[in-house]
Structures are given as C-alpha cells and as structure tokens.
Amino acid sequence: MESSNTALDSVVDVIFSANRDECPEPIKAEVQGHIPKWLQGTLLRNGPGKHSVGDMSYNHWFDGLALLHSFTFKDGEVYYRSKFLRSDTFNSNMEANRIVVSEFGTMAYPDPCKNIFSKAFTYLSHVVPEFTDNCLINIINYGDDYYASSETNFIRKIDPLTLETLEKVDYMKYVTANLATSHPHYDSAGNTLNMGTSIGDKGKTKYIVFKVPPSSTDKKSPLKNAEVLCSIPAHRLLSPSYYHSFGMTENYVIFIEQPLKLDILKLATAYFRGVNWASCIDFVQDEKTWIHIIDKRTKKPLAEKFYTEAMVTYHHINAYEEDGHVVFDIIAYKDNSLYDMFYLANLRKDLTEETTLTSTPTCKRFVIPLQDEKVLKSVEVGANLVKLPKTTAKATKDKNGDIACSPEILCDGIELPRINYAYNGKKNRYVYASHVEWRPIPTKIVKFDTVTRDMLIWTEDNCWPAEPLFVPHPDAKEEDDGVILSSIVSTDPKKSPFLLILDGKTFQELGRANVNATFHLDLHGIFIPEQKLAQ
Ligand SMILES: CC1=C(/C=C/C(C)=C/C=C/C(C)=C/C=C/C=C(C)/C=C/C=C(C)/C=C/C2=C(C)CCCC2(C)C)C(C)(C)CCC1
Ligand SMILES: [Fe+2]
C-alpha cells in the first residue's frame, strides 16, 4: 500500500508540484519519425514551473511562478528552451528567498512578524496593493508584441524567440480593467479583442470588451490604441462574475455572466483577515447564468435576456452564426470544484484516496435565437425558438419574456479545448482537447468530432500530455488539414519528455522530438508561424 502511495505521490510531484530548472540555451531535440517540412515557427507555452521559494510553498497549482518554454521548428529539426518569467513578483521572491507577493490561492505577508499591530500596519500600507505580475496562464498577441498573461491588470511583454522578459504593462493605463482574461480573440482584420472587469470605477462595476488594433508604425505600445467596444453593468455592484474566456462570431461577442462571483468586500479585507483571494469567490447555486450577446456592429448587447441554470465554465470552444442563431460550445461544470481540486494538498489526496471528481467537465452547445423584438412579443410562452434542425438545444420564452436556454450535451470529460483557429467564429466540426476521467490528471488527448460524436485518442504509459494545439497546413483545404502539437511530461525516468506531433486527420503520431531536459505541465500557448516571427 505504502509503495503505491509513494508512486502516486511522485506522479503529483513530477507533473504538478516539483520545481523545475530553466533551460535558457536552445537544445536540439532528437527527432523520431517525421516532422513535416512545412511546420516552421515556434510553439510558445506558459504555465507554473516553481511552487516553492526558500522554505515557503504556494498552496495552489495556479499560483506557481511562470515558466515559459518554446519549441522552434526549422526544416524538420526542433529546438527547445525554457526560461522563468522575470516578473517583479519572481524577482522580489528570489531576492527575499521567500514568497512575498500574493497569488490567487496564496496570501503572502511581506512582513514576517505575525504581531497583529504590525499586520494591521502592513495592511494599511497595502491599501493600494501592487498585484502580482506572475503571468503564468497564456501568451497573448497584441499588435506585433507578445505578452505573458494572467488575469490581473498586469501583463509582461516577452521576446518570443529568446523568452526574455521585457516591459511590464498595466492595462489600467489604457482601459479600466482590474482583471482581464488570458483568452482573447483575434479577428480577420488583425485586431485582438479581450474582456476585462472594471471594479467600482466611478461607483460602477462593469464588464468591458476592448479591441486592440494591429500595430501602428509608430512603435508605441499597441495598447495605446485600445478602444472599449462595449461595457455591460454587472448584475451586482459588489459581486461581479468571474470568467476565464468568452466567445466570438463574426458579428457577436458571447459573454457568460455566471454565478461564480467575486465578493469585493471580502476581497478588500482578505489581506487583513489572513485568507487567500480564492476564498472570496462564491458559487451561488440558486442564481441564474446570464448569457450576453453583444452585437459588434451596434456595440450593444441584444435587448433580450438569455439565461440558463447555474453552472461554471472556464473555456469557450467556439461560436458561430447559423440561419439566424448564435451557436456556441463551452466546457461546463456543475460547480466550482475544479479550482479546489488544484490545491496541491487536494491533488495529493485525490490521487491517493482515489476520490472521484465531484463535477466533471461536460461539453455543451447552446443555441441562441436571434429574434426580432416584435416577433418575440407575439411568440407563446414555452415555445421553443430554436429552429436549427440538428440540435436538441432549446431556447424558450418564459412568462417574463426572458429566454431560458437549455443546452445540448455534445460529450463528457474533455477540457483545455482547441480548434483550428481559422474556424474561430465560423461553423467548425473538430475539437482537440485533454481527456479527463475521474482523476484530475491528464492521461489522454483526443480529437472530438462534433458531428459523429466520435473520439480519436492518443495515450501512452507514463506520459502526461498538455493542451493539444492545432497548427493548420499552409495550404489547408479542410478543417483538419494540419498537425496537433502537445508537450508530454514523462514520469518514466528512462524516457525523456517530448513534443508530440500528430496528424490532424488521423490523430496518428507523425513524429516526436525527445528533449534532454525536464518539462513542466503547462496550461496554454500559441504557435507563431516563422513568417510572423520574422516581422
Ligand atoms: C487584480 C485583482 C485581484 C487579483 C487577481 C489574481 C491574482 C488573479 C489570478 C488568477 C489566476 C491565476 C487564475 C487562473 C485560472 C486558471 C484556470 C481557470 C485554469 C483552468 C485549467 C484547467 C481547466 C485545467 C485542466 C487540466 C490540466 C491543466 C491538467 C490536468 C487535466 C485538466 C484537463 C483537468 C483580486 C481578485 C485580488 C482583486 C481584484 C483585482
Ligand atoms: Fe484557460
């Protein structure tokens, strides 16, 4: 018994909690199989790579210090490198040899004295706190620049080739966003669209959609030209919803205001009360989930109120318009247990006690009817407004004239979804994702066909795959003409970690690039084609 627990503990260590070393100089990987010659560019990924500093540890996996890594493809060869993001947070922690900047799941007290008076004093000097710039979630492209991102008001510009950390950028200088997502969208005109939350500005709490145009020639920060497209007042001033991503079609932005709420009063007193910020988020089971459909042309949300039952979602998959409807697919949960599952103490418990997840991810499709207001008035209460033939998703008018949406379940157990981004906002068929069974660790990646509901699977013993990312063939004719890239952490000491390359159509291995280094399990990333990097 003991030995199997030890084995499971070491899995948690190897894939989640161990501190990693960086590998700042590029190393050439040993390629097995075949890497298509057309695949030229850099896969750049981000995720937590250091979970303790000195003798202090972070509580939560999403708190770890950002470690960037990249795979550069050149003429069938692959070069790997990794570098810690030299954020102010990283530097201050290293200098103090302890954790001095708070993260979402770990509250830090720079003053080691636990005396209540000094704690109160430290609190007062933190009335305007400098939030963390440990940007560990994703990489965002604004204009010609690349930024490591988290969800606070700070992003860090990076050099996508050398992984060097550059300027710290404060969203607040350009748009009033105290929080912003790490999952923006890119449109065909080269704009980046993102969403943020503005807390208590001029007595109002609102969600904003902002657009950053492609770079201007004057070499100023691309955010200088940011424009707020729309702002939506939060249902409650002191409890805005938490959201991690949003959806976008050609004409609409889809924003889900879910009953997973930040309690501003609790947040403001968290430091003084000695609790972490994560404890100030509540899932309000008996509240509705509001679905806002923002028309990019009028810059206003549609007048109708769409809602569904209480749920939690982090990742939108895609959204598109079809015959007078907006269709969008998301990964949804019954509650907020995903966040709790990633506390390092729970990850250990979940593995050793073999507990099942209380809420597993479900891939849901919502269909929103775009109804003329006059027509809507004449529709009977209870009538289904969805007219698309091949879906079981419904939208019915309730007695208040609001529209209750019930989704179609597409499949269970997938997370970290990616699509061929050329199909973002357009009708797509395939989703590439991590497959999650009852354990909170990734063992398989899949290609899911939303039409036939078939799943193609890749798995291998002692291999823990990261989010699978699709790169289209430069002359792609079909949606799945391309390859899937996933970086694989290995827990077999005899086997090095590798970058896996699968064929987009068959999901069969084309090749792998074995790297003589250690990998961390990361969260998200982007592929930058060579022509774009050369600009
Ligand atoms: C500024 C501000 C602030 C702060 C904030 C912060 C600090 C934040 C952070 C945040 C964060 C930091 C977040 C994060 C998130 C994340 C997420 C949401 C994720 C998700 C994920 C997932 C979903 C996963 C999955 C997976 C993996 C990874 C592996 C295994 C398998 C699976 C698939 C499960 C406050 C509030 C105080 C106040 C106001 C203002
Ligand atoms: Fe995410």
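Begin by selecting phenylalanine 16, which is buried at a relative accessible area of 2%, where buried means under 20%, exposed over 50% and partly exposed in between, computed with a 1.4 Å probe and protein chains only. This is a predicted model, in which local features need pLDDT of at least 70 and side-chain atom pairs count only at pLDDT 80 or more, while totals for chains, interfaces and linings use all residues. Residues are numbered from 1 along each chain as its sequence is written, chains are lettered from A and ligands numbered from 1 in the order in which they are written, and side-chain values use heavy atoms, with hydrogens and water left out.

**Aromatic pairs**

Keep phenylalanine 16 selected and add tryptophan 61, which is also buried, with a relative accessible area of 3%. The structure holds 28 aromatic pairs, a pair being two rings of Phe, Tyr or Trp (its six-membered ring) whose centres lie within 6.5 Å, with planes under 30 degrees apart counted as stacked, over 60 as edge-to-face and the rest as tilted. In the pair formed by phenylalanine 16 and tryptophan 61, the ring centres are 5.1 Å apart and the planes stand at 90°, so the arrangement is edge-to-face. Because phenylalanine 16 belongs to helix H1 (residues 2–17) and tryptophan 61 to the loop between strand S5 (56–57) and strand S6 (65–74), the pair ties together parts that are 45 residues apart in sequence. Helices (H or I, at least four residues) and strands (E, at least two) are DSSP runs, numbered from the N terminus.

Select next phenylalanine 104 and tyrosine 339, whose ring centres are 5.7 Å apart with planes at 90°, so that this pair is edge-to-face. The pair links distant parts of the chain, with phenylalanine 104 in the loop between helix H2 (88–96) and helix H3 (116–124) and tyrosine 339 in helix H5 (residues 337–341), 235 residues apart. Phenylalanine 104 counts as partly exposed at 30% relative accessibility, whereas tyrosine 339 is buried at 10%. To see these rings in context, show Phe16, Trp61, Phe62, Phe104, Tyr339, Phe342 and Tyr343 together, since ring pairs link them into a cluster.

**Ligand 1**

Move from the cluster to ligand 1, where 28 residues stand around the molecule and Phe62, Trp277, Glu415, Pro440 and Pro442 come nearest; a residue is near a molecule if one of its heavy atoms lies within 4 Å of it. The protein covers 96% of the 950 Å² of accessible area that ligand 1 has on its own, with areas taken from the Shrake-Rupley method and a 1.4 Å probe. Colour the shell by residue class to find 19 nonpolar, seven polar and two charged residues, on a scheme that counts Ala, Val, Leu, Ile, Met, Phe, Trp, Tyr, Cys and Pro as nonpolar, Asp, Glu, Lys and Arg as charged, and the others, Gly among them, as polar. Strand S24 (312–322) and strand S30 (414–418) each supply at least two residues of this shell.

Within strand S30, select proline 417, which is buried with a relative accessible area of 10%. Leaving aside neighbours within four places in sequence, proline 417 is in contact (heavy atoms within 4.5 Å) with His315, His316, Ile317, Ile331, Val431, Tyr432 and Ala433.

**Positive phi angles**

Most residues other than glycine have a negative phi. Aspartate 323 nevertheless has a positive phi of about 40°; select it in the loop between S24 and strand S25 (325–333), where aspartate 323 is exposed at 66% relative accessible area. Phenylalanine 507, also not a glycine, has a positive phi of about 65° and lies in the loop between strand S37 (498–503) and strand S38 (509–514), but phenylalanine 507 is buried, with a relative accessible area of 2%.

From phenylalanine 507, go to leucine 456 in strand S33 (residues 455–459), which is partly exposed at 35%. Beyond four places in sequence, leucine 456 is in contact with Ile445, Val446, Lys447, Lys505, Thr506 and Phe507.

**Charges over rings**

Finish with arginine 512, which lies over the face of phenylalanine 498 at 4.0 Å from the ring centre, and with lysine 168, whose charged end sits over the ring of phenylalanine 154, 4.3 Å from its centre. A charge sits over a ring if NZ of Lys or CZ of Arg is within 6 Å of the ring centre and within 35 degrees of the ring normal.
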